[in-house]
Amino acid sequence: MARKTTQIQTPAARARSRRSVLKGLAATGGALAGAQALPGLVPYIQAQSSAPIKIGFQVHRTGIGAAYGRWYDRTTTAAARVINEAGGINGRPIEIITEDDGTDPKRGAEVVEKFATLHGCDIAFGTLFSHVVIGSSPRAGELKIPYFVVSEGHHVASGMLNRYTLQPGITDVKSQVQAMAPFVHDNLGRKVTMIFPDFAFGHDHRDYFSAALEKLGGEVVAKIAIPPTESSFTRYFPKIPRDTEVIYHVMVGPAVLTFVKELGEFFGSSRPELFGFIDSLEAVDIATPGLEFLEGSYFWEGNPRYAGANPSEHDSFYRAQVGVDADGASLDDPKDVSTYAHMWGCWETLHVVKAGMEAAGYQGIGDRAALIEAVEAMTDLPHGRAHPQGAKLFNGKTHQVFGHQYISKVGGGRMTLAHTTSIEDTFYPDEVDYTTQPF
Amino acid sequence: MIRLAAMVLLLTPAAAQAHATGRGLVLLLPTGLYITAGVLAVLASVVALTVAPARALRAAFRLRLVWSRAPGGGETAVSLLALAALAALVLTGLYGTRDPLANPLPLTIWTIWWVGLTLTQAVFGDLWRWLNPWTGLHRLIAPAPPLRLPARLGYWPAVAGLLAFGWFELVDIAPADPTRLARAVAAYWALSFAGTILFGAEAWLGRAECFSVFFRFIARLAPLRGAGGETRVGPPGAHLIAHQPLPVSGALFLLLALSTVSFDGLSKTFFWLGRIGVNPLAFPGRSAVVWENSAGLIGAWAALAAAFALCVLAGLALAGERGRLREAFGRLALAITPIALGYHLAHYLPVLLVNGQYALAAGAALLGLGEVPVTTSFFNTAATVRLIWLTQAGAIVVGHIVAVALAHRLALELLPDPRRAALSQLPVSALMVLYTLFGLWLLASPTGA
């Protein structure tokens, strides 16, 4: 029990804060000094009402997700500090206990187990990459620890997980993709060629978008699947039909910049409209040389990176707390671009956890089921400091939140918000009712 | 498990994968041109060394006396301090924050020590002689070793240690986890200390403890070296010439040091991931490739060792020598050292740039100096990406040029006739040119793990 970790404290003046190594060492010294003789006793000496609520933060510190993990960590740290500064949850501070999952599903399950059995966490939280969520969720269900993921995956709402897994702080890819169809159809063109990487991620875009577009009377005139190992794309471009009005592209990975450059060389100055997902260029400076060809094209954004002329006060507050400027870059280094389209999910999820625990009168791990029921009972989540990305609707049956999606236009090496979808644009029929599952 | 794997395959990796930056910008660089230039530079050095007179080669690597004493003293005290620091770090690993980028133990072991100390040894010489956490306590206790480390064991215990270390670093699913690392470090310290007690510190740290062995080879690349009561200065690698020919196990140790870091680079490329049937845009995590990476680690070592041995053999044949493979292999393998160092710098430079900041931040927090912000924006701009890439490529090219020169010089110890010595070097030099190409290709390849 002497395992102390991140304790987020309130008085930090800066928008960001760093977990205190000193505390770790002080805890070590303290533990060695005496308390170690009575492991496990300390928490029970403390009054239950003042003991921190322990939130196990499953973060991609190493492995392929580390670049996202860095910003998930910053956002989580800021959200925890803001919540603590406002009195915590039911008057108790929250303590973030960070464990690195290595962006690995097996390690992810181990980490969830550590949260539940070793650290005595109240909940587990924060996972982004889908394969880690899918690897960890069954263990969370077995150990009956609420698992709040921030992953965008459709796996929660699809019904493949369990009652202990919830996604109340970020929308899922199915709702995002289908909500793009009305804008593309009405503003860019009805004949769309899709270019996507040939695996599950690309297939989802292909399937969800083409179904939504066809429902509106549009047509996907070509579906060009690119093998994931490809690093040059020139030979695929002649497959783009001549009557294409819009190219919908969702390339990802290191070859994205090459893809854009080669597409530019192929089309020259006369090109169809371009629509993409910012996942391709998350954390990449839009003014990067080689991306000029994207001028005038459109991107889905989970949350607009550039604050624009009239940001909401909530967005401004959120940026200041996380330490991000009006261009979505770090206040410490304007060239350090954040993963702005995704990381807000950590902030909003922690605020949902707070609201859920307060509604449930949460006291300790015996109230975990009550916490889940309280979150399942949520519906409207209004735009505010707790939800700076915008208003949301939570679906308690599918454990998935629904919200506005943003479409931005590239111009002058930055992006400007061009369209905000309605929440209704993102709806689809329920595929599961988790509330019928026993705890 | 199969069901889970199937589910993973079916499901949406929603948040899309690796960043476009870094390697994305590298893919836009004219790396083909850079690679050609780098390979030609090594090739030119081969041509020059083949025709260079032996006299010039001997002169180039000559050591000069700069001090009629050798640095020494304080080893016991410094080693005891290092041991105390290590103990504190292990406790921090066990009881401090769980975040591997904030806990001082993983930052110290993986970044400051393994990456940083290796590079420092190559500049300043054998600091590990002072900093190792065993000799101080051993001298304090100073028991006469009850056992003698058998000579026929050669460097094999060190080979086993380095292999285990490489496996832990490359294959284990959580080598940076503070608890796991603390246990591994404590266990290794205890094992090695037991070795020094049983066999004596000199023998155990000389041939059996892999890090002492590795750091000592690297330290011989530094310009200054104190030995035998004298301090001498020479160009990189000059201090390796007087080294006794290595036994086969010693040669294989150096080849393993190089093959491990090479395989670490290879295992992240689209090329390798494609070969093992892994989608490079949706890397499934280390736990999914444990067997592939284990086999790759061993396979890369076996392939490099076999290629090197064949080239040494072919060289001897060209020079008309027979039956001296073991000796030649053991002597020429010393020339692998600068290549291993070049790969080390090239491979770990990005880690050093990012995790070095986390180490500074942890240190600042420890000393109450406030926050040190961490940035990775140098992977986001074309100019800095080019600078980083050329630094990495430069390390590989320079490492190989030094290695080619060193191998030619070592060949003169083997075959005093300059013409035959030069002939014997043609296959080994060809291998080094190819290995330059391989290293630069690794740096330029798209990666996905």
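In this predicted model, B:W134 counts as buried, because 21 C-beta neighbours lie inside 10 Å. The cut-off for burial is 20 or more. B:W134 sits in a loop of chain B. Helix 7 (128–131) lies on one side of that loop in the chain, and helix 8 (135–141) on the other. Beyond residues up to four places away in sequence, B:W134 touches B:S79, B:S192, B:F193, B:T196, B:A201 and B:L205. One of these partners, B:S192, is 58 residues apart from B:W134 along the chain. Their C-alpha atoms are nevertheless separated by 7.8 Å.

Chain B is divided into two domains. Domain 1 takes in residues 18–63 + 246–449, and domain 2 covers 64–233. Between their centres, taken over C-alpha atoms, the separation is 23 Å. The contact between them involves 32 residues of domain 1 of chain B and 32 residues of domain 2 of chain B. On the domain 1 side, three elements of chain B give two or more residues: helix 14 (248–266), helix 16 (290–318) and helix 18 (336–366). Helix 18 of chain B gives the most, with 14 residues. By class, this side of domain 1 of chain B has 19 nonpolar and 10 polar residues. Three charged residues complete it.

Two further features of chain B concern a helix pair and a sheet. Helix 5 (residues 75–95) and helix 6 (residues 104–124) of chain B have axes that come within 7 Å. The axes cross at roughly 125°. Helix 5 of chain B is therefore oblique to helix 6 of chain B. Helix 5 of chain B contributes B:L89, B:V90, B:T92 and B:G93 to the contact. Helix 6 of chain B supplies B:P104, B:L105 and B:T108. Of the residues in this contact between helix 5 and helix 6 of chain B, four are nonpolar and three polar. No charged residue takes part.

The sheet of chain B is open and has three strands, in the order 1-3-2. Its pairing is antiparallel. Strand 1 (64–67) and strand 2 (224–227) of chain B are the edge strands, and each pairs on one side only. Neighbouring strands of the sheet are turned by 40° against each other on average, direction ignored. Strand 2 of chain B is joined to strand 3 (residues 230–233) of chain B by four bridges. These two strands run antiparallel. Within this part of chain B, B:G226 stands opposite B:T231, a residue of strand 3.

Chain A also has a two-part domain assignment. Domain 1 of chain A consists of 21–171 + 340–403, and domain 2 of chain A consists of 175–301 + 405–426. The C-alpha centres of the two domains of chain A lie 33 Å apart. Seven residues of domain 1 of chain A are in contact with eight residues of domain 2 of chain A. On the side of domain 1 of chain A that touches domain 2 of chain A, helix 11 (340–360) and strand 13 (400–403) of chain A are the elements that give two or more residues. That side of domain 1 of chain A has four nonpolar and three polar residues, and no charged ones.

Methods
Residues are numbered from 1 along each chain as its sequence is written. Chains are lettered from A and ligands numbered from 1 in the order in which they are written. This is a predicted model: local features need pLDDT of at least 70, side-chain atom pairs count only at pLDDT 80 or more; totals for chains, interfaces and linings use all residues. Two strands pair if DSSP finds at least two bridges between them. Axes are lines fitted to C-alpha atoms, for helices over the stretch in contact, and angles run from 0 to 180 degrees between N-to-C directions. Angles under 35 degrees count as roughly parallel, over 145 as roughly antiparallel, 65 to 115 as roughly perpendicular and the rest as oblique. Two residues are in contact if their C-beta atoms, placed from the backbone, lie within 7 Å. Ala, Val, Leu, Ile, Met, Phe, Trp, Tyr, Cys and Pro count as nonpolar, Asp, Glu, Lys and Arg as charged, and the others, Gly among them, as polar. Domain bounds come from an automatic or database domain assignment. A residue is buried if 20 or more other C-beta atoms lie within 10 Å of its own, exposed if 12 or fewer, and partly exposed in between; C-beta atoms are placed from the backbone.
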